[in-house]
Amino acid sequence: MRKKISRKGTKQVGAVTTAKRRTLITMNLAVSANGNSVPPFFVFVFPKKIFKRHFRSNAPQSSSGSLNKSGWMTGQDFQSFIRHFIKHTRVTKERPVLLIMDNN
């Protein structure tokens, strides 16, 4: 079992890795103040650009995702997440929502 030790109050504790040694996955989540949530949106690292359903075979129902070489969220991935968010929140002009982003 690995443990990471950091100074009290540290916001990010982690290690820098490369996609060559490990699989990197970014997960984008949206949760409201009352506890409702949107299914997760994953950004997977794969050399091929074709997303297959089995990439998220053990993920929560209705989750979605995209692929890129780095595993980090890009502009195109973010647009896909926003479409995913709108689909699950059913936001309209008459029923707006406020989305606050945190990059930590």
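Biologist: How many aromatic pairs does the count come to here?

Modeller: Three aromatic pairs. Keep in mind that this is a predicted model.

Biologist: How are Phe-41 and Phe-81 arranged as an aromatic pair?

Modeller: Edge-to-face. Their rings sit 6.0 Å apart, centre to centre, with 70° between the planes.

Biologist: Which parts of the chain does that pair link?

Modeller: Distant ones. Phe-41 is in strand S2, residues 37–45. Phe-81 is in helix H1, residues 75–89. The two are 40 residues apart.

Biologist: Buried or exposed, Phe-41 and Phe-81?

Modeller: Both are buried.

Biologist: What kind of aromatic pair do Phe-81 and Phe-85 form?

Modeller: A tilted one. The centres are 6.1 Å apart and the planes make an angle of 40°.

Biologist: Why are Phe-81 and Phe-85 separated by about one helical turn?

Modeller: Because they are four residues apart in helix H1.

Biologist: Why does Phe-81 count as buried?

Modeller: Its relative accessibility is 1%, and the cut-off for buried is under 20%. Phe-85 is buried too, with a relative accessible area of 9%.

Biologist: Which residues do the ring pairs link into a cluster?

Modeller: Phe-41, Phe-78, Phe-81 and Phe-85.

Biologist: Now the core. Which residues make up the largest nonpolar core?

Modeller: Six in all: Ala-30, Val-38, Phe-41, Val-43, Phe-81 and Phe-85. S2 and H1 each supply at least two of them.

Biologist: Where does the largest share of this core come from?

Modeller: From S2, with three residues.

Biologist: Let's switch to the sheet. What is the order of its strands?

Modeller: S1-S2-S3. The sheet is open, has three strands and shows mixed pairing.

Biologist: Which strands stand at the edges?

Modeller: S1, residues 25–31, and S3, residues 64–68. Each has a single partner strand, so one side of each is left without a neighbour in the sheet.

Biologist: How are neighbouring strands turned against each other?

Modeller: By 15° on average, direction ignored.

Biologist: In what sense do S1 and S2 pair, and over how many bridges?

Modeller: They pair in the antiparallel sense, over six bridges. Within S2, Phe-44 stands opposite Ile-25.

Biologist: What holds strands of a sheet together as pairs?

Modeller: In general, strands pair through backbone hydrogen bonds, either parallel or antiparallel.

Biologist: Last one. Where does H1 lie?

Modeller: Across S1, S2 and S3. H1 runs at about 160° to S2.

How values were computed:
Residues numbered from 1 in each chain as written. Predicted model: local features only at pLDDT ≥ 70, side-chain atom pairs only at ≥ 80, totals over all residues. Heavy atoms only, no water. Phe/Tyr/Trp six-rings, centres within 6.5 Å; stacked < 30°, edge-to-face > 60°. Buried < 20%, exposed > 50% of the residue type's maximum accessible area, 1.4 Å probe, protein only. Core = buried A, V, L, I, M, F, W, Y, C linked by side-chain atoms within 4.5 Å. Pairing = 2+ DSSP bridges. Axes fitted to C-alpha atoms, helices over the stretch in contact; angles between N-to-C directions. Contact = heavy atoms within 4.5 Å.
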